[in-house]
Amino acid sequence: MKLKEKLVEFCKNLGFDLVGIIEPEPLKERLEVLLDRHKKGYNSNFENKDINLRISPHLLLPGTKSILVLGLGYCSEVHFKDPLKGQVARYARGKDYHVVMRKKMTRVVEFLKALQGDFQYKILVDSSPLIERLLAEKTGLGWIGQNTCFYTKPTGSWIFIGEILLTIDLGIHKADGIRGGCQNCRICIKACPTGALEGEYILNPHKCLAYVSQARGVIPKELRELMRHNLVGCDICQEVCPNNRGVLPGGNEDFKSMDFHNIDIKDILGISNTDYKRLYTGSAFGWCGKKVLQRNAIVLLGNQKQPEAISLIKPFLNHHDYKMRIHAAWALGQIGGSESKLLLEKRMVEETNLEVVNEIKEALDKIQQKASHYT
Ligand code: SF4
Ligand code: SF4
């Protein structure tokens, strides 16, 4: 068996659902799209701003001769039944995939070194500046859908992608290719609650709940209600896609072991730093931090409009971080009622931050409008 075949077999035995080898050509065809996104301000903070780096494997590892593209399916059962809990997107329900993938990819490098001797390499998982979906598509083993997700079979779009840049020439491996492709049905575009999919293959990350729910800072007002019960991430444009129909939950134990399908919002609001670390370190969303999760939980409580939640939100109206006060004021405005009104008025007397003052004013106006509607 040739080196390439042995390598592919080893990767498959490690559980990888996608194994392709491509040449490290610069992704020049992507340059125009990237420049356009840059012009529109569609770069997320998770993306590298250096466009050259995004399309040039050689800049990341000089002398790269092959790129091994690997993918690990993560489809899990959908268990979300309780609207009073916060939903966690499928990618984040198990162990941190960066760690799981990197561990397996390190084993691949060790295997190659044992066969081939020393060489240079670079393992990239998700945080890579390179456009991973495009590299995966170049393997010929899948395609990119209009929702901008990469699809292959049998995992559908529920797949983590990583690459190993190698200074050895392995030749290319595309297997027999794969049948299928985006059906151009636009169902994903129509289903996106925020309009983040602004057109075919055009995603505005600043409107995308998957991005917004993980980014720090203030959630734009117009997106808060649209978050509905999404605590971490959003799967809507993938759930509705006909190409994901019939995809079975995968067998990778790492992505089942933590089992975060939905999380009790009350628990998140009251959680201590120690408990946050104990429960969520090692999960795929633990890195977001306690504050981001609590901010999202407050928004979800605002969306649920349950008066019992007022006491849970109350401490955040006096939080030392003004951003938490903004979301608390908004949520109280959503819930409404005399108790919310009193709390907001009391805070208004002490508040010095202009953004929070404005948020409180709007919340009070909303409560007032609701009250006059019923009188
Ligand atoms: S993840 Fe959600 S918000 Fe983002 S594009 Fe898909 S449906 Fe829209
Ligand atoms: S929903 Fe339709 S248009 Fe969107 S990615 Fe799936 S097949 Fe393509």
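The legends below describe close-up views of a predicted model. Residues are numbered from 1 along each chain as its sequence is written, with chains lettered from A and ligands numbered from 1 in the order in which they are written. Local features need pLDDT of at least 70 and side-chain atom pairs count only at pLDDT 80 or more, while totals for chains, interfaces and linings use all residues, and side-chain values use heavy atoms, with hydrogens and water left out.

**View 1. The surroundings of ligand 1.** The residues around ligand 1, meaning those with a heavy atom within 4 Å of it, include Cys192, Cys208, Cys234 and Cys237, together with Pro193, Thr194 and Ile236. By class, this shell holds ten nonpolar residues, one polar residue and no charged residues, where Ala, Val, Leu, Ile, Met, Phe, Trp, Tyr, Cys and Pro count as nonpolar, Asp, Glu, Lys and Arg as charged, and the others, Gly among them, as polar.

**View 2. The surroundings of ligand 2.** Ligand 2 is surrounded by 14 residues, and the closest of them are Cys182, Gln183, Cys185, Cys188 and Cys241. The shell around ligand 2 divides into seven nonpolar, six polar and one charged residue.

**View 3. A cis peptide bond before Pro154.** The peptide bond that leads from Lys153 to Pro154 is cis, with omega near 10 degrees. In general, most peptide bonds are trans.

**View 4. The backbone at Asn184.** Although Asn184 is not a glycine, it has a positive phi of about 50 degrees. Most residues other than glycine have a negative phi.

**View 5. The contact of two helices.** Ile310, Lys314 and Leu317 in helix 14 meet Glu339, Ser340, Leu343, Leu344 and Arg347 in helix 16, where contact means heavy atoms within 4.5 Å and helices are DSSP runs (H or I, at least four residues) numbered from the N terminus. The residues of this contact divide into four nonpolar, one polar and three charged.
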